[in-house]
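User: Could you take a close look at the empty space inside this protein, and walk me through what lines it?

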Amino acid sequence: MGKILQTPALSVFEQMALDEVLARAPLAEPLLRFYRWTPGPAVTFGYAQFYDFVRRGVPAQAGPLCRRPTGGGLVLHGEDLTFSVLFASTQPRPKEIYARLHAAIEAALDRCGVLHAHRQGAVPKQAYWPQSGGSASGCFVNPVQDDLLCGDQKILGGALRRFGRQVLYQGSLQCAQARENPLFAQAVAAGLAEALQTPWEETAVPAAVLAAARQLAHTQYATPAWNEKF
């Protein structure tokens, strides 16, 4: 049975660190986590993006910036439903994993009746570039294949990274009341349960894991050496 991990509110640096700590630990079952945020906005950006380009592309009031352990584009976090899921997979093609997760979430959102979404079709390879023309690519202004759209507006994007046989997916659902309306989290959990073929049960994150994440946030994710490395 998969676990939905409950955590206290965390900073953007602690969120990224906790995902990495979990991803590097032995995995007995899938783990799903809906981020609880400390007050205020924050920004995450893809591992391969240039810090100067990111800094240039966000307003000063956007909050602290943190490089993710996963790829993808720049994401503003303010009212979005942010989540991560960790699971074992032997599928060698990230695009196939991405499509499977998003198709399941698309169907679950439709079943819940909160909104009707559809998946983005094929796009030029330039859409996947982490930066272009001197600026960092923005995740929600630059849909890629299998992102979820409502009308012509992208509402769900994510990024993957493999840690051995384990896959970390970090996602952001950005639509009205995504964070406040519990139906959105319920739909995401239901879709991922279907995609991963596991029911969920809630459990608290172990204190030792949380302590390790806070330490990693301090020594890596909150440092210029990490965030300004490219």
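Analyst: Nineteen is the number to start from: 19 residues line the largest cavity, and R68, V75, Q170, G171 and S172 lie nearest its centre. Keep in mind that this is a predicted model. The volume of the largest cavity comes out at about 130 Å³. Sort its lining by class and you get twelve polar residues, six nonpolar and one charged. As for where the walls come from, four strands each put in at least two residues: β5 (75–77), β6 (81–88), β11 (153–163) and β12 (166–173).

Let's follow β5 outwards for a moment. β5 belongs to an open sheet of three strands, in the order β4-β3-β5, with mixed pairing. β4 (65–67) and β5 are the edge strands with a single partner each, so one side of each has no neighbour in the sheet. From one strand to the next, the twist averages 25°. β5 pairs with β3 (residues 42–45) in the antiparallel sense, over three bridges. In that pairing V75 of β5 stands opposite T44, and V75 is also one of the residues nearest the centre of the largest cavity. On this sheet packs α1, which touches β3 and β4 and makes an angle of about 15° with the direction of β4.

There's more empty space to look at, since the structure holds two cavities of 30 Å³ or more. The second largest has a volume of about 50 Å³. Its lining is made up of L5, D19, L22, L31, R33, S84, V85, L86 and L168. Here α1 (12–24), β2 (31–34) and β6 each give two or more residues, with the largest share, three residues, coming from β6. So what is the class make-up of this lining? Six residues are nonpolar, one is polar and two are charged. β6 turns up in both places: it supplies at least two residues to the lining of the largest cavity and three to that of the second largest.

Finally, a pocket, which unlike a cavity is an open set of points. The second largest pocket has a volume of about 320 Å³. Its lining takes in 17 residues, with I4, Q6, F34, L81 and A185 closest to the centre. β1 (2–6) and α4 (182–196) each bring at least two residues to this pocket, and α4 gives the most, with four. By class, the pocket lining splits into nine nonpolar, four polar and four charged residues.

Note on methods:
Residues are numbered from 1 along each chain as its sequence is written. This is a predicted model: local features need pLDDT of at least 70, side-chain atom pairs count only at pLDDT 80 or more; totals for chains, interfaces and linings use all residues. Side-chain values use heavy atoms; hydrogens and water are left out. On a 1 Å grid over the protein atoms alone, a cavity is a set of points where a 1.4 Å probe fits but cannot get out, and a pocket is an open set with protein on both sides within 12 Å along at least five of seven lines; lining residues have an atom within 4 Å of a point. Grid points are joined across faces, edges and corners, and a volume is the space filled by probe spheres set on the points. Ala, Val, Leu, Ile, Met, Phe, Trp, Tyr, Cys and Pro count as nonpolar, Asp, Glu, Lys and Arg as charged, and the others, Gly among them, as polar. Two strands pair if DSSP finds at least two bridges between them. Axes are lines fitted to C-alpha atoms, for helices over the stretch in contact, and angles run from 0 to 180 degrees between N-to-C directions. Contact means heavy atoms within 4.5 Å.
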